[in-house]
Amino acid sequence: MKCITRKVLVIICIVFAMKSNAQQKKINVPMKAGAWEHNADNVEFITYKNVDAVRPKTDSGINIMLKDYEFTDGTIEYDVEFTGRGFPGIGFRSSNDQKNTELFYIRYFGTVDPLSRYTMQYATVIDGVNMWDMTDDYQAAAAIYDQRWNHVKLVISEKQMKVYVNDMNKVALYVPCFEGSRKSGSIYLTGSVIYANLTITPNATEDLPKVEGYDPAYSDTRYLKNWSVSAPVDLPFNVDIMKGIPRNPGVVIDSTLLDDSSWKPITAERRGMVNLTRLYGATENGKRRLVWLKTNIKSEIDQIRRLKLGFSDEIWVLIDGQPLYIDKNYYGSPGMKQPRGRCTIDNSEIMLPLKKGDNELLLGVAHYFFGWGIVARLDATDNLKLE
């Protein structure tokens with residue numbers, strides 16, 4: 001009986017091993033027109049440096065989607081040679097319309113500084129919005145070769161990702177948690193580059209955990225995480241949210257822009273980020289929208305606290321209905337906030353006067369460009385109670 005049991009266990013182990021090996025068998029993806037959804041007017045499949053490859057016919061770059069393949073977890077590898085400026089990259093777990101996807105890309109505008117942390121980035125795409133300006137944390141440096149192949153390897157395990165670029169012994173970019181909502185989907189390639197040698201090894205995730213990794217904001221009680229949010233309203237570029245009144249302090253919120261009946265709760269996500277794009281989707285191109293966020297800070301004494309505030313793209317800060325701070329974070333403008341117009345906790349710092357008792361912190365947040373949201377953290381929580 002014991003012998004039969006041992007034999008059964010051995011057979012089970014062999015079958016399991018065979019299944020595991022089958023699941024991790026490397027797939028060599030053909031760089032042939034029939035394997036990809038593509039625009040034949042702009043994409044050509046060629047033999048380049050003795051291998052099958054794909055490249056754009058024009059300067060506009062390619063966007064090709066792998067046919068009939070659903071990717072969940074595993075390893076994706078490919079070679080890329082840079083021929084034009086831009087943001088060549090790979091989307092995975094993508095919806096068919098590419099409006100919701102996980103995205104990795106390399107910035108290439110000529111010879112790359114190997115110490116520049118802006119060389120590569122992970123960002124999620126929500127409702128067609130690339131959240132690059134809300135994910136400054138997920139950038140890294142790498143040595144990039146000109147006029148020769150660069151080898152890229154992505155290891156993807158449910159919530160996490162490791163990226164290797166050229167040096168396969170050193171992780172170039174580590175993503176502790178994907179910020180998109182999709183668990184599986186299509187794979188696509190973009191950019192003014194030449195791609196070759198694409199392989200997929202399903203379920204080959206090395207030692208990468210399946211659960212999300214460490215979030216430095218998770219246990220930090222200084223972050224303002226619990227808010228109420230209003231419904232979005234259109235805010236034309238020639239319209240301000242304040243209007244004058246003939247008494248001190250001389251301005252009030254334009255009541256047509258604040259509907260007190262529309263409040264609902266919203267909680268900060270990882271990194272303390274209040275993600276308004278996830279809640280309200282894309283803002284129509286060329287338009288500008290406004291929402292209000294409010295939270296209550298109860299202080300046991302009169303005091304002044306330092307508030308660090310990140311935002312995209314414009315902010316109005318009011319305490320108990322009175323204006324305290326107004327600012328803009330327009331990417332590409334001389335006045336954009338560091339780092340380079342992205343929304344981070346380092347964008348601005350405000351001295352926040354708090355009276356004994358309840359204090360309503362009200363933020364107007366306007367948006368027109370890529371990601372939308374805020375992150376807020378106090379310097380300390382002494383004698384305070386937060387929502």
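Is T124 buried or exposed? In this predicted model, T124 is buried, because its relative accessible area is 2%, and the cut-off for a buried residue is under 20%. T124 has its place in strand β9, which covers residues 120-126.

The surroundings of T124 can be followed contact by contact. Its side chain and that of E102 are joined by a polar contact of 3.2 Å. The T124 side chain also reaches a backbone atom, the nitrogen of G180, at 3.3 Å. When neighbours within four places in sequence are left aside, the contacts of T124 are T101, E102, V129, N130, M131, E179 and G180.

Attention now turns to the pockets. A volume of about 570 Å³ is found for the largest pocket. Its lining is made up of 29 residues, and F87, Y105, R107, F109 and W132 are the closest to the pocket centre. Strands β8 (101-106) and β15 (186-191) each contribute at least two lining residues, with β8 giving the largest share, three residues. Sorted by class, this lining holds 16 nonpolar, nine polar and four charged residues.

The second largest pocket encloses about 300 Å³ of space. Among its 17 lining residues, K159, C177, F178, G180 and S181 lie nearest the centre. G180, named here as one of the residues nearest the centre of the second largest pocket, is also the residue whose backbone nitrogen is reached by the side chain of T124. The class make-up of the second lining is two nonpolar, three polar and twelve charged residues.

Methods. Residues numbered from 1 in each chain as written. Predicted model: local features only at pLDDT ≥ 70, side-chain atom pairs only at ≥ 80, totals over all residues. Heavy atoms only, no water. Helix = DSSP H or I, 4+ residues; strand = E, 2+ residues; numbered from the N terminus. Buried < 20%, exposed > 50% of the residue type's maximum accessible area, 1.4 Å probe, protein only. Polar contact = N/O pair within 3.5 Å; in protein donor to acceptor, adjacent residues only side chain to side chain. Contact = heavy atoms within 4.5 Å. 1 Å grid on protein atoms, 1.4 Å probe; cavity = no way out; pocket = protein on both sides within 12 Å on 5 of 7 lines; lining within 4 Å. Points joined across faces, edges and corners; volume = space filled by probe spheres on them. Nonpolar A, V, L, I, M, F, W, Y, C, P; charged D, E, K, R; others polar.
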